[in-house]
Amino acid sequence: MASVVNSVSYNTNPCLETRRKACGLFSQIPNFVSFSVNKGFTRVLASNPITISSTGSGFTLPNWKSGRNGSEIMELRLNDAFFHMERMVGKGQMPDVAQATQLLYDLCKANKVKKAIIVVEMMVDAGVMPDAASYNFLVNCLCKRGSVGHARLLVEKMENHGYPTNMVAYNTLLRALGKHGHLKQGLQLVDRLIQKGFVPNTFTYSSLLEAAYKKRGVDEAMKLFDGIIAKGGKPNMVTYNVLLNGLCKEGRTDEAIRFFRDLLSKGSNPNVVSYNILLRNLCYERRWEEANELLAEMDGEGRSPSVVTYNILIGALALHGRIEHALEVLDEMIRGNFKANTVSYNHIIACLCEEGNVDLVVKRLDEMIHRHCKPNEGTYNAIALLCNQGKVQEAFSIIQSLGSKQNASTHDFYKSVLLSLCKKGNTYPAFKLLYEMTKVGFTPDSSTYKSLILGLCLDGMLDGAMEIFAFMEENKLGSGSDNFNTLILGFCKAQRTDLALKIFEMMIEKGTKGYMPTEATYSILVEGMIHEKEINLAAYVLKELHRRQVVSRYTVERFVMQYDLEGFSL
């Protein structure tokens with residue numbers, strides 16, 4: 001790796017004093033590897049929020065929904081609408097509420113959540129409040145992406161503008177904090193709600209318990225549960241299911257069964273979710289007889305088998321190579337008037353692909369599409385398993401056939417397939433399929449190569465990622481800064497932040513070519529330190545970067561909220 005890095009020809013470019021100061025930060029960090037990062041770089045100034053005085057004059061946005069289809073064209077039209085709104089609001093005009101709200105929704109669906117946040121901010125600054133549904137949708141969208149810090153800042157900002165406290169938004173935040181194991185932040189948020197006069201409910205407690213078992217283990221969650229009961233909390237099955245799931249996640253299946261039976265003896269009524277939690281562990285541990293006994297109990301109101309129940313059985317049977325039994329369960333599911341979904345088929349397709357049974361794969365895919373189950377990332381990764389069996393052309397033929405049934409262009413479809421594989425680190429089949437794609441006229445673009453870089457990094461093939469990066473640079477593919485950011489992100493995801501900083505050094509050295517670090521560059525590096533448990537180091541770097549005006553206060557606040565940087569103050 002070092003030889004690849006050192007082989008790059010550097011071009012020094014002494015710039016402004018402020019640039020040298022921020023750049024030199026990483027070599028001054030105590031107890032950190034020194035990379036002699038002492039060349040110039042551009043300062044990224046924090047952006048100030050737009051403040052306007054609305055004149056009341058309305059305006060309409062360009063129609064981004066009409067015209068030709070295709071992800072790239074749609075993206076251009078969305079960007080046109082966004083920038084038009086930005087210009088007009090900047091002139092003091094008020095946007096059409098319905099259009100602005102629809103733009104917010106469509107930006108979220110197009111994975112442009114930061115722009116959606118700006119749309120809300122522009123609406124508020126123009127004196128137009130988004131309705132509760134669109135506001136909650138944005139908060140939920142942020143939380144699903146793992147951007148809990150962004151979501152918390154948005155909620156705070158809206159309240160500061162006079163937007164009423166919204167329990168739906170807060171419950172969404174609590175659910176996200178629970179999912180990521182952020183117990184301390186969850187407790188702080190509940191305290192804040194209590195101060196505002198809200199009474200915690202069972203949903204609130206369930207989110208806290210989930211955070212507790214993910215952060216400190218299920219035993220600590222049990223202690224918190226006892227404390228909640230002592231303070232008058234009234235748990236329900238949602239609460240109990242969190243603890244049941246915690247025991248199962250830790251592999252303590254027998255304890256989970258005892259906990260489950262104890263609930264029954266005390267008069268509680270476990271629901272289908274409770275049964276599914278236990279069933280999953282029993283099946284994946286091959287405890288088939290006990291699984292059958294549990295299934296026999298699932299005949300009452302609220303605990304009858306669901307689609308999830310069938311998918312658990314299909315997935316476990318397929319995983320353990322019992323494909324005939326898995327197919328029998330799928331057929332029984334369909335006969336029982338349950339609607340099989342893509343997940344139901346993905347388990348079976350993956351198993352058939354591992355066996356190299358192409359004919360049955362095609363048959364089940366045809367059946368899947370006939371039943372209106374749309375292929376997804378799981379489907380493409382399942383098909384890619386054929387490549388490991390030496391059946392690359394067969395896999396590509398299947399992918400081609402699926403592409404012909406999509407609304408998107410063939411080019412966009414191939415890009416999405418490659419991205420799906422790379423996101424899972426399945427780079428070997430990705431490269432094999434890419435070769436087949438190029439033979440039928442597909443030309444990889446910069447986004448395709450970026451997908452490959454991230455996939456190689458996730459696969460631990462850092463030298464390969466560097467080769468792709470060098471190829472992009474040599475052929476002037478994509479933006480130089482974006483290419484560097486992609487490589488830095490990949491190295492951080494591979495938990496090699498030390499090497500990511502070497503790439504950062506390269507970026508600085510090539511400053512004369514316009515390869516300047518952006519706020520995103522620094523955010524990636526700080527996040528890399530956090531994921532490698534260098535919390536104090538990340539806090540120190542973040543504070544210094546803000547002091548040197550290369551990251552905005554908003555970015556700092558997002559990190560503090562998302563990662564609970566203790567004792568951090570600006």
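**Aromatic contacts, enclosed helices and internal spaces**

Tyr380, Phe396, Phe413, Tyr414 and Phe442 form one aromatic cluster in this structure, which is a predicted model. The structure as a whole holds 14 aromatic pairs, and two of them share Tyr414. In the pair of Phe396 and Tyr414, the ring centres lie 5.9 Å apart and the planes meet at 45°, an arrangement classed as tilted. Phe396 belongs to helix H23 (residues 392–403) and Tyr414 to helix H24 (residues 410–423), so this pair ties together parts of the chain that are 18 residues apart in sequence. The pair of Phe413 and Tyr414 is likewise tilted, with 6.2 Å from centre to centre and 45° between the planes. Phe396 and Tyr414 are both buried, and Phe413 is buried together with Tyr414 as well.

Aromatic rings also meet charged side chains in this model. The charged end of Lys115 is placed over the ring of Phe82, at 5.6 Å from the ring centre, while the charged end of Arg322 sits over the ring of Trp288, 4.8 Å from the centre of that ring.

From these side-chain contacts we can turn to a helix and its surroundings. Helix H8 (residues 148–160) has 13 residues, which at 1.5 Å a residue should span 18 Å, and because its end C-alpha atoms are 18 Å apart, the model agrees with that expectation. H8 is mostly covered, since ten of its 13 residues are buried; these are Val148, Gly149, His150, Ala151, Arg152, Leu153, Leu154, Val155, Met158 and Glu159. The partners against which the buried residues of H8 pack are helix H6 (113–125), helix H7 (132–144), helix H9 (167–179), helix H10 (183–195) and helix H32 (553–563). After H8 comes Gly162, which has a positive phi, near 95°.

H8 also takes part in enclosing an internal space. The model has three cavities of 30 Å³ or more, and the largest cavity holds about 40 Å³ of space. Its lining consists of Val120, Glu121, Val124, Asp125, Leu154, Lys157, Met158 and His161. H6 and H8 each give at least two residues to this lining, with H6 supplying the largest share, four residues. Leu154 and Met158, which are listed in the lining of the largest cavity, are also among the buried residues of H8.

An open space is described in similar terms. The second largest pocket has a volume of about 580 Å³, and among the 19 residues that line this pocket, those closest to its centre are His182, Lys215, Lys533, Ile535 and Tyr563. Two or more lining residues come from each of H10, helix H11 (202–216), helix H30 (519–531) and H32. Of these elements, H10 and H32 are also packing partners of the buried residues of H8.

Two threonines give a more local view of how helices meet their neighbours. Thr253 lies in helix H14 (residues 253–265), and it counts as buried because its relative accessible area is 2%, below the 20% limit for that class. When residues up to four places away in sequence are set aside, Thr253 touches Asn281, Leu282, Glu285 and Arg287. The C-alpha atoms of Thr253 and Leu282 are separated by 7.6 Å, although the two residues are 29 residues apart along the chain. Thr342, in turn, is found in helix H19 (residues 342–355), and its relative accessibility of 11% is why Thr342 counts as buried. With the same exclusion of residues up to four places away in sequence, Thr342 touches Met368, Cys373, Lys374, Pro375, Asn376 and Thr379.

Farther along the chain is helix H28 (residues 480–493), whose 14 residues reach 20 Å from the first C-alpha to the last, close to the 20 Å expected at 1.5 Å a residue. Eleven of the 14 residues of H28 are buried, so this helix is largely enclosed by the rest of the structure. The buried residues of H28 are Gly480, Ser481, Asn483, Phe484, Asn485, Thr486, Leu487, Ile488, Gly490, Phe491 and Cys492. Helix H26 (446–458), helix H27 (462–474), helix H29 (497–509) and H30 are included in what covers them. H30 also gives two or more residues to the lining of the second largest pocket. Just after H28, Gln495 adopts a positive phi of about 55°.

Definitions and conventions: Residues are numbered from 1 along each chain as its sequence is written. This is a predicted model: local features need pLDDT of at least 70, side-chain atom pairs count only at pLDDT 80 or more; totals for chains, interfaces and linings use all residues. Side-chain values use heavy atoms; hydrogens and water are left out. Rings of Phe, Tyr and Trp (its six-membered ring) pair if their centres lie within 6.5 Å; planes under 30 degrees apart count as stacked, over 60 as edge-to-face and the rest as tilted. Buried means under 20% relative accessible area, exposed over 50%, partly exposed in between (1.4 Å probe, protein chains only). A charge sits over a ring if NZ of Lys or CZ of Arg is within 6 Å of the ring centre and within 35 degrees of the ring normal. The expected span of a helix is 1.5 Å times one less than its number of residues. Contact means heavy atoms within 4.5 Å. On a 1 Å grid over the protein atoms alone, a cavity is a set of points where a 1.4 Å probe fits but cannot get out, and a pocket is an open set with protein on both sides within 12 Å along at least five of seven lines; lining residues have an atom within 4 Å of a point. Grid points are joined across faces, edges and corners, and a volume is the space filled by probe spheres set on the points.
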